[in-house]
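Student: Please take a close look at one part of this model, a sheet and what packs around it.

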Amino acid sequence: GGAEAMETLPPSRVHGHAGSSLIFFCEDPIDGDKTVFQGWTVEVESTRDYDTRHLFLQLEKGYKPTDFATMDNGDLVILERRHEDGITSFRLEIIHSSLLEKDLSGGSGGGENGTTASDPSSVIVPAIIMESFSGNDNAVDNMEGVTIDYLDKGEIRIQVISDDNFSDQQKTILLTFEVPSEEYLALYALEKSHLVSLHPSLTAAERWVVGFAVGMAALVALGAAVGTVIIIRARLRERRGNQTYSSINELTRNEFQVSLSFSRGQRSNGNELDEVTELSD
């Protein structure tokens, strides 16, 4: 699907550039993964030609992003919706601005040296603020819009609105939530939202275990090879021994037959001489 959730990021949150950027995400997950969604940031006030970066967002339980709202400190609030088994629900999550800076800088996101949509190396995992389900006593529908307002005493007002799609089966609902201060959400986002590497590097202990396992496998393979060679050589020696034994037996039998023939010949000649002698007498 096309872009669904959109918002403007403050200038200070994008590579230190003076211009603002537009962040937007697709509503449908990327191919091959039902939980990872692809997004982009595009500098809308850049001196360069549309500096674009890739982002990847991980959402669980079948939720999809529908809208964003940015707090004054740069943290990003996400509105998500889900339709499953006849039940409609929505969820609010938050991403700390430091994750946006790290990902947007190209360290683990897109860009020339970053990832692609088909093979992201890292994904942003937001922190859940709240979750609500449709029911008889709970007004929840197709929630698609979210805004953030700051009140006089420092409170934050978050408003969520639904889209009825001009359908008699749906309603337009406006929900309002208040948070005592921005600091509450900022600390929560800092603690709970995080970046996950899909191809994590091994620790020293893990590398040792892997090396040990590889070494043991090599030793087993070498032992099996040596054992196979020994068995083959033993079989060859045994076969040569059998052939030699058979040759000796065959030779012995031949010599015996020759000797036997010679003895018979000798006896036959002796008899003939006796007969000649008798005749001469």
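Tutor: What follows describes one sheet, then an aromatic pair that involves one of its strands.

This is a predicted model, in which local features need pLDDT of at least 70 and side-chain atom pairs count only at pLDDT 80 or more, while totals for chains, interfaces and linings use all residues. Residues are numbered from 1 along each chain as its sequence is written, and side-chain values use heavy atoms, with hydrogens and water left out.

The open sheet has 4 strands in the order β5-β6-β7-β9, paired antiparallel. Strands are DSSP runs of E with at least two residues, and helices are runs of H or I with at least four, numbered from the N terminus; two strands pair if DSSP finds at least two bridges between them. Because β5 (64–70) and β9 (127–133) each have a single partner strand, they stand at the edges, and one side of each is left without a neighbour in the sheet. Neighbouring strands are turned by 20° against each other on average, direction ignored. Axes here are lines fitted to C-alpha atoms, for helices over the stretch in contact (heavy atoms within 4.5 Å), and angles run from 0 to 180 degrees between N-to-C directions.

Strand β7 (residues 87–95) pairs with β9 over 6 bridges in the antiparallel sense, and Phe90 stands opposite Ser132 in β9. Helix α2 (residues 182–192) lies across β7 and β9, at about 105° to β9.

At the other edge strand, β5, Phe68 meets Phe25 of strand β2, so the pair ties together parts 43 residues apart in sequence. Their ring centres are 5.7 Å apart and their planes at 85°, so the pair is edge-to-face (centres within 6.5 Å; planes over 60 degrees apart). Both Phe25 and Phe68 are buried (under 20% relative accessible area, 1.4 Å probe, protein chains only).

Note on methods: Phe/Tyr/Trp six-rings, centres within 6.5 Å; stacked < 30°, edge-to-face > 60°. Buried < 20%, exposed > 50% of the residue type's maximum accessible area, 1.4 Å probe, protein only.
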